[in-house]
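Trainee: Could you take me through one part of this model closely, the way the helices pack? I'd like the angles, the handedness and the residues that do the touching.

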Amino acid sequence: MIRILLADDEMLIRAGVRAILDTDPELSVIAEAGDGREAVELAAARRPDVALLDIRMPRLDGLAAGTEILRAMPSTGVAMLTTFGEDEYLSRALSFGARGFLLKSGNPRELLAGVHAIAAGGAFLSPELTVRMIDRLNGLHPAPSARARVEALTGREREVLALVGAGLSNAQIARRLHLVEGTVKGHVSAILTRLGVGNRVQAAIVAHEAGILD
């Protein structure tokens, strides 16, 4: 029996994914989480064979949650659940050790095959994403522009990003926007994930290229 942790902040998505997984007698969803922090805690308590993590979740995004899970439990196979437009996160997911990238809207058979492959120590990438990444490498489907990436952020995240681009620290941003520093830290973490960058300097570059500092 392959034991699975399923994490997504949308209950209907979790229900749909679980319904697909329940059609396979060799798969068992042993825990469900509504945010990234809960996913990390449940993974530590239940020790799943496979963790299916949504990328965008509150408290802790899927990429950060996957990193923590693998750091504590390297034998757990981590796969990201994604929508088609979020494939810019693919390289970041693979860099921390994720072994799967599965489309929520993909063929149910792909989800089942992916879970089996990851549980067996292999890897699985949804075919649509494979084609998209090949096209991108060949220059047929370029990465989103800086402006398009910034437009995907919330209004508050764009405000924080502009101040990061201006060189302000988390404490300075908190004072400027009348927020607590921990909230700013959470916004910065979400911004890095959504932009697909690894640090504040890279985020600042995106802010400059998008022209939001003006």
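Mentor: Let's fix the angle words: under 35 degrees is roughly parallel, over 145 roughly antiparallel, 65 to 115 roughly perpendicular, and the rest oblique. This is a predicted model, with local features needing pLDDT of at least 70 and side-chain atom pairs pLDDT 80 or more, while totals for chains, interfaces and linings use all residues. Numbering starts from 1 along each chain as its sequence is written, and side-chain values use heavy atoms, without hydrogens or water.

Now take α9 and α10, two helices (DSSP runs of H or I, at least four residues, numbered from the N terminus). Helix α9 covers residues 170-177, and helix α10 covers residues 181-195. They pack at about 110°, with their axes 8 Å apart (axes are lines fitted to C-alpha atoms over the stretch in contact, and angles run from 0 to 180 degrees between N-to-C directions). That angle is why α9 and α10 count as roughly perpendicular. The crossing of α9 with α10 is right-handed (near helix turned clockwise from the far one by less than a right angle; anticlockwise would be left-handed). From α9, Asn 170, Ala 171, Ile 173 and Ala 174 make the contact (heavy atoms within 4.5 Å), and α10 answers with Glu 181, Val 184, Lys 185 and Val 188. Sorted by class, that's five nonpolar residues, one polar and two charged (Ala, Val, Leu, Ile, Met, Phe, Trp, Tyr, Cys and Pro are nonpolar, Asp, Glu, Lys and Arg charged, the others, Gly among them, polar).

Helix α9 also packs on α8, residues 155-165, at an angle of about 130° and with the axes 10 Å apart. That makes α8 oblique to α9, and their crossing is right-handed too. On the α8 side, look at Arg 156, Glu 159, Val 160, Leu 163 and Val 164; on the α9 side, Ile 173, Arg 176 and Leu 177. This contact has five nonpolar residues, no polar ones and three charged. Keep an eye on Ile 173: this α9 residue is in the contact with α8 and in the contact with α10.

For another pairing, go to α1 (residues 11-21) and α5 (residues 108-119), whose axes lie 9 Å apart at an angle of about 70°. Those two are therefore roughly perpendicular to each other. Val 17, Ile 20 and Leu 21 of α1 touch Pro 108, Leu 111, Leu 112 and Val 115 of α5. Here the tally is seven nonpolar residues, with no polar and no charged ones.
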